[in-house]
Amino acid sequence: MSTYQDQLIKLSQIDKAIDDFEPQIEQIKSTLNKELAKEQELIKKLEQLQESLKENELTRRKNELHLEELSEKLKSLSKKNKAIKTEKEMKALQLEEEIAKEQIDFANEEIARLDKNRELMSSEIQELESSIESMQENIANVKEEIEQELKDIEQKRMTVFQDKEKLVSEMNHNIIVFYEKIRRWAKNTTVVPVKKQACYGCYMKINDNVYSLVLQAKEITTCPHCGRILYKDQTLEEEPVDQEVSA
Ligand SMILES: [Zn+2]
């Protein structure tokens with residue numbers, strides 16, 4: 001195999017390895033991101049509950065004030081009672097008293113209802129707070145775990161980058177430019193093996209002429225159909241001849 005071919009195969013393997021790091025990193029981070037999203041959801045729920053509780057307390061306070069007003073009103077009505085002269089006046093006063101008492105009953109019922117609400121919301125808030133707390137502990141653990149994993153990957157990535165730098169420095173510049181031009185569209189299938197006289201990029205048969213050039217491996221040969229760089233797969237010779245080509 002020519003040095004050119006050898007270098008190109010190596011370069012394409014390094015580039016693929018570099019591309020493979022990103023999904024690995026994403027995969028590792030996705031565990032943490034899912035936990036963080038759950039935490040945000042709970043925090044939002046907690047804030048909404050706290051807001052509702054605040055409104056509950058405001059409404060309760062309004063009802064208490066209303067109760068104070070009503071009890072003042074009852075007092076003044078009972079004072080007026082002593083100064084009543086006619087039956088008509090008495091009836092009007094009684095009616096006013098009845099209405100005030102009804103309003104008092106209603107306000108008391110409201111306060112009882114709001115107290116029950118408060119109790120429910122408070123216990124829900126407590127539950128949420130403890131859920132969030134244990135979630136945060138979990139998140140801290142996950143963070144610690146993935147930090148180490150990410151460090152390991154970063155280490156590997158640095159090594160691969162160094163390998164690439166070294167390889168590129170040894171390669172002919174024109175060949176790198178040629179390779180990069182194909183790589184722009186062919187990505188990680190820029191350099192592909194030929195198996196059963198077929199290009200493993202586009203899976204088309206190549207003619208005998210091109211095939212013999214690939215076998216000789218003296219110069220860089222591209223697929224006449226797709227333009228990818230071809231090389232003869234060294235592992236091919238041991239493969240059974242009638243094995244199906246899988247795409
Ligand atoms: Zn091809």
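Is Cys226, at 19% relative accessibility, buried or exposed? In this predicted model, Cys226 counts as buried, with a relative accessibility of 19%, and the cut-off for that word is under 20%. Cys226 is one of the residues that hold a zinc ion, and the report returns to that site after describing the chain as a whole.

## Overall form

The protein chain contains 4 helices and 4 strands, and these elements follow one another from the N terminus in the order α-α-α-β-β-α-β-β. Because its radius of gyration is 41 Å, well over the 18 Å that the globule rule gives for 247 residues, the protein chain is more spread out than a compact globule. Taken along the principal axes, the box filled by the C-alpha atoms is roughly 130 × 35 × 35 Å.

Of the 247 residues in the protein chain, 32% are buried. Among contacts with a separation of 6 or more, 73% join residues that are 24 or more positions apart.

## Two domains

The chain is divided into domain 1, covering residues 3-170, and domain 2, covering residues 186-238. The centres of domain 1 and domain 2, taken over C-alpha atoms, are separated by 59 Å, and the contact between them takes 8 residues from domain 1 and 9 residues from domain 2.

## The nonpolar cores

The largest nonpolar core has 33 residues, and those that touch the most other members are Leu8, Met171, Tyr179, Val191 and Ile229. Two or more residues each come from α1 (3-82), α2 (87-170), α3 (173-186) and β4, with α1 giving the most, at 13 residues. Since domain 1 (3-170) and domain 2 (186-238) both give residues to this core, it lies between them.

Met171 can be followed a little further: once its neighbours within four places in sequence are left aside, Met171 is in contact with Gln7, Leu8, Leu11 and Ile176. Apart from the core just described lies another, of 11 residues, which includes Val192, Val194, Cys223 and Leu230.

## The zinc site

The zinc ion is coordinated at 2.3 Å by the SG atoms of Cys199, Cys202, Cys223 and Cys226. The angles among the 4 donor atoms run from 104 to 115 degrees, and the site is tetrahedral. For comparison, the ideal angle for four tetrahedral donors is 109.5 degrees. Along the sequence, the donor residues of the zinc ion follow the spacing C-x2-C-x20-C-x2-C.

Cys202 lies in the loop between β2 (198-199) and α4 (208-216), while Cys226 lies in the loop between β3 (221-222) and β4 (229-232), so the pair ties together parts that are 24 residues apart in sequence. Cys202, at 24% relative accessibility, counts as partly exposed, whereas Cys226, at 19%, counts as buried.

## Residues along the long helices

Lys45 lies in helix α1 and is partly exposed, with a relative accessible area of 48%. Although Lys45 and Leu128 are 83 residues apart in sequence, their C-alpha atoms are 8.2 Å apart in space.

Glu109 is found in helix α2, where its relative accessible area of 54% makes it exposed. The C-alpha atom of Glu109 is separated by 9.8 Å from that of Asn63, a residue 46 positions away along the chain.

## Loops and the segment after β4

Most residues other than glycine have a negative phi. Lys187, which is not a glycine, has a positive phi near 50 degrees; Lys187 is found in the loop between α3 and β1 (191-195) and is exposed, with a relative accessible area of 51%. Lys196 likewise has a positive phi, of about 50 degrees, without being a glycine. Lys196 sits in the loop between β1 and β2 and is partly exposed, with a relative accessible area of 30%.

Asp233 is found in the segment after β4 and is buried, with a relative accessible area of 11%. Not counting residues up to four places away in sequence, Asp233 touches Pro193, Val194 and Lys195, and of these Val194 is also among the members of the core of 11 residues.

Key: Residues are numbered from 1 along each chain as its sequence is written. This is a predicted model: local features need pLDDT of at least 70, side-chain atom pairs count only at pLDDT 80 or more; totals for chains, interfaces and linings use all residues. Side-chain values use heavy atoms; hydrogens and water are left out. Donors are N, O and S atoms within 2.8 Å of the metal (3.2 Å for Na, K and Ca); water is not among the atoms, so sites may look incomplete. Four donors count as tetrahedral if all angles lie between 85 and 135 degrees; four count as square planar and six as octahedral if opposite donors are over 155 degrees apart and all others between 65 and 115; anything else is irregular. Buried means under 20% relative accessible area, exposed over 50%, partly exposed in between (1.4 Å probe, protein chains only). A nonpolar core is a set of buried Ala, Val, Leu, Ile, Met, Phe, Trp, Tyr and Cys residues joined through side-chain atoms within 4.5 Å. Domain bounds come from an automatic or database domain assignment. Contact means heavy atoms within 4.5 Å. The radius of gyration is taken over C-alpha atoms; the globule rule is 2.2 Å times the number of residues to the power 0.38.
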